[in-house]
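Here are my notes on this entry, kept short. Please read them with the structure open.

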Amino acid sequence: MPAYRPIQWVDGRLRLLDQRELPARVTAIDYTDYGDVADAITSMVVRGAPAIGITAAYGMALAAQQSAARTVDALRVDLAAAGDRLRRARPTAVNLTWAINRVLQRAGDVGLETVDAVRQAVLTAAHGIYALEEQSNSQIGVNALPLVPQGAKIIHHCNTGPLATGAYGTALRVIIAAHEAGKGVYAYVDETRPRLQGARLTAWELQQWGVPHSVIVDGAAAHVMRTIGVDLCVVGCDRVAANGDTANKIGTYHLAIAARAHGIPFYVVGPTSTIDMSLASGDLIEIEQRPAEEVTHVMGRQVTPDGTAAENPAFDVTPAEYITAIVTERGVVRPPFGGNLRVLMGCE
Ligand code: MRU
């Protein structure tokens, strides 16, 4: 595990590393109220699909602690309400719903006969989700290693490291694992406008792990492919539909198109908790729209003329046809994704 812990459960409190402050300040905030946890997810104190899933699960543990319910049924009603509140914090990453549903299922266990037993079960479920993501992250690194050639130059988008998953990371884990395996890789880090997850967070994490890298502006990716040469692109995912269409940080789609134009493999990397077999295609994925100020302002300073309108979709959907393979903890899935994802997810 990295020296820094983005999510911790400490003495009945949830401690989150404040990712809005990185890399300038490494500082954490403690939470005891699940509503504040929902706000922390919305305001991106914590972000990244698996990390917000784990955080929401601990938010449910706080809700169980906060509840004044005296009966098991009343506590379950409070937990359902807390789940609804936490689910609304961010709509695109399926991990949020996935984690909350797992916790609610555990809380609904007929064998739980007291309020304290339900509270304990909710906390145990949250710890279990964290442990599961940790194992997934580690196995993803192992599964992806054969895909990375010696001396590979790799473009990475957004942030998918330990900060985004609470554990070892997903797409960034691929780069770190290849580095640790002595493959001599070099990472080109998309800065990832507007929230600069690449420039601020990925560069900071690669520095912690000693991986050689350069930050590039998002618009430079195709130029780097053509002039320097890139061996592969690795990106994370917030929701993968049943046909392989993948929602991820805005800018992923155009990176995929550029990779296709240059004949470069484009890998989506994520745990199976991010695969949503209930949605037939990416057209059905809700894309979060964030405040215009994230575009009109850079680090709090306005850069557009007064009154300028801005669109700020936080994610885009890369059609499956642009994806070379989806790397998960259960294995590497290649096209045709429809059938192969069904097998991976045990749907047939
Ligand atoms: O808006 P963010 O920073 O939460 O977006 C994060 C991403 O898009 C990541 O690529 C994705 O969640 C995968 S994290 C392993």
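1. A310 touches A292, V295 and T296, leaving aside its neighbours within four places in sequence. This is a predicted model. A310 sits in the loop between β13 (301-302) and β14 (315-318).

2. Is A310 buried or exposed? Neither label fits: its relative accessibility is 24%, so A310 counts as partly exposed. From A310 to T192 the C-alpha separation is 17 Å, with their positions 118 residues apart in sequence.

3. The strand that follows this loop, β14, belongs to an open sheet of four strands. The order is β11-β8-β9-β14, and the pairing is mixed. β11 (275-276) and β14 are the edge strands. Each has a single partner strand, so one side of each lacks a neighbour in the sheet.

4. β14 pairs with β9 (residues 246-249) in the antiparallel sense, over four bridges. One pairing to look at is K249 with its bridge partner F315 in β14. Helix α10 (residues 252-261) packs on the sheet and touches β9 and β14. The directions of α10 and β14 make an angle of about 35°.

5. Now the cores. The largest nonpolar core has 46 residues, and L14, I41, Y58, L79 and V122 touch the most other members. Elements that each supply at least two of its residues include β1 (7-10), β2 (13-17), α3 (72-87) and α5 (115-144). Which helix gives the largest share? That is α2, with 12 residues.

6. V122 touches M60, A61, A64, L79, V103 and A107, not counting residues up to four places away in sequence. Apart from this core lies another, of 30 residues, among them A152, I154, L172 and A325.

Notes. Residues numbered from 1 in each chain as written. Predicted model: local features only at pLDDT ≥ 70, side-chain atom pairs only at ≥ 80, totals over all residues. Heavy atoms only, no water. Core = buried A, V, L, I, M, F, W, Y, C linked by side-chain atoms within 4.5 Å. Buried < 20%, exposed > 50% of the residue type's maximum accessible area, 1.4 Å probe, protein only. Contact = heavy atoms within 4.5 Å. Pairing = 2+ DSSP bridges. Axes fitted to C-alpha atoms, helices over the stretch in contact; angles between N-to-C directions.
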